[in-house]
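Colleague: Please take a close look at a single part of this model for me. I would like to hear how its strands turn and pair, and then how the confidence runs elsewhere.

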Amino acid sequence: RAVVRPSAWALLRGRAEAATVLLADVRVRPGPDGRDLRAVLERLRARAGPHGAAAAEGDGRALPALKLRDLVVALPLRDEALALGPIDADVVLARAPAGPRLRADVSLRSGGRVSLDAERGPDGWRAALRADALDADAIPPALRSRSAAVTGGTLSVQADADAPADLSRATVRFRGEVEGLVLSGERIASEPVGPLRASASGRLEWDRAARRLVLTDAVATLLRAVTVSASATIGTTSHPTLSAALRADGVDWAEAVAALPPALAVPVDAPRPSGPVHARLEVSGPLLDPDEWTLSASLDLSALREAARKAGRSPLAEPFVHRPPLDAGGLGPPLRIGPSSPDFVPISELPEHVLRAVTASEDGGFFGHSGFDFDELRH
């Protein structure tokens, strides 16, 4: 549905010019690789002809303001479409001697606003984007996990970009923050986890000839205690590929544990060793087919182990009382764990096949790894 409102000032001068164009209930389907949308733009460019091209370099007058209401963009994503929207947007495009200037203000129905300023100057394109307080409901249904859901929190992003006039490449510098993040799902915890806070910054470089998007200088801070550096490359060919690496060096284990939200906090009387932890994760493979990804990971706990040894015997090596949780809720009767229990049997007196049966049922590679079986995690 389209509504065109004329310019009153132009009518007084005897000319019919549009002041605003409102498009409502808009559905955009770019097609595979955006080919349908590109075809439309090519037809519009050809229809404009040389006069339209000259007008773009014209006298600085504003073109009609474009108002989009209830806009939905449907992108193909494997077995289902990725629907972005509905959103409302106001777009103003002005002519200038050096090139066009664009201003777009977007309002999401789920909450939050996005603004974009872009202009073409003598050295090419420059753009700035700002997104404020995007609500968790803005996540498209196709991207929501069924076992872990984001049920609260807001996202804010600031980014600036520059590119040559032919858009053969582009560089984007960004910074984002998540406030009040709440996660829910049976794979996370029995109750919602949060509120959490996280931030990230980095640099994206796009090369059209190589059809490659590269992430560099990326740093994320989680729980205010864990800093992760990241790099990634996405190949945007007909079969998109992903190659990413994450590193967390020198994370203080005690600080990270203390920063956990209550739903994930360790018991008050649990051991709390202190020391640095180093971790690495690498992922590569076809972007849209996680089943084919190759994963490589490592975790260096040597410094943490050494600190634990110097701290003395673990509380688990001493007798203690345990009250197991009941399925119906609450805790069962106290169980004495240790030599004073009438059911206690030293591990040295257990038959070998009992030890093997227990480890086989829980973790067949227990004696062959350093605490984390990354082969099993990969599967």
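Modeller: Happy to. Let's begin at the turn: the hairpin of β6 and β7 has 4 residues between its strands, and G111 takes a positive phi near 120° there. Before we go on, please note that this is a predicted model, in which local features need pLDDT of at least 70 and side-chain atom pairs count only at pLDDT 80 or more, while totals for chains, interfaces and linings use all residues. Residues are numbered from 1 along each chain as its sequence is written, and side-chain values use heavy atoms, with hydrogens and water left out.

Strand β6 covers residues 101–108 and strand β7 residues 113–121; strands are DSSP runs (E, at least two residues; helices are H or I, at least four), numbered from the N terminus. The two run antiparallel and share 7 bridges, where pairing requires at least two DSSP bridges between strands. One of the matches sets S107 against R113 of β7.

β7 also pairs with strand β8 (residues 124–135), again in the antiparallel sense, over 9 bridges. Here the hairpin link consists of 2 residues, and V114 faces A131 in β8. So β7 has an antiparallel partner in β6 and another in β8, by the pairing rule of at least two bridges.

Now to confidence. The protein chain has a mean pLDDT of 85, with 92% of its residues at 70 or more; pLDDT is the predictor's confidence in each residue, from 0 to 100. Among the chain's elements, β13 has the highest mean, 95, and helix α2 (residues 35–56) the lowest, 65. Over residues 51–60 the pLDDT is below 50, and this stretch has 16 contacts beyond near neighbours in sequence, a contact being heavy atoms within 4.5 Å. Where pLDDT is low, the predicted coordinates should not be read in detail.

One more strand to look at is β4 (residues 65–77), which holds L75. L75 counts as partly exposed because its relative accessibility is 29%, where buried is under 20%, exposed is over 50% and partly exposed lies in between (1.4 Å probe, protein chains only). Between the C-alpha atoms of L75 and W9 there are 40 Å, and the two residues are 66 apart along the chain.
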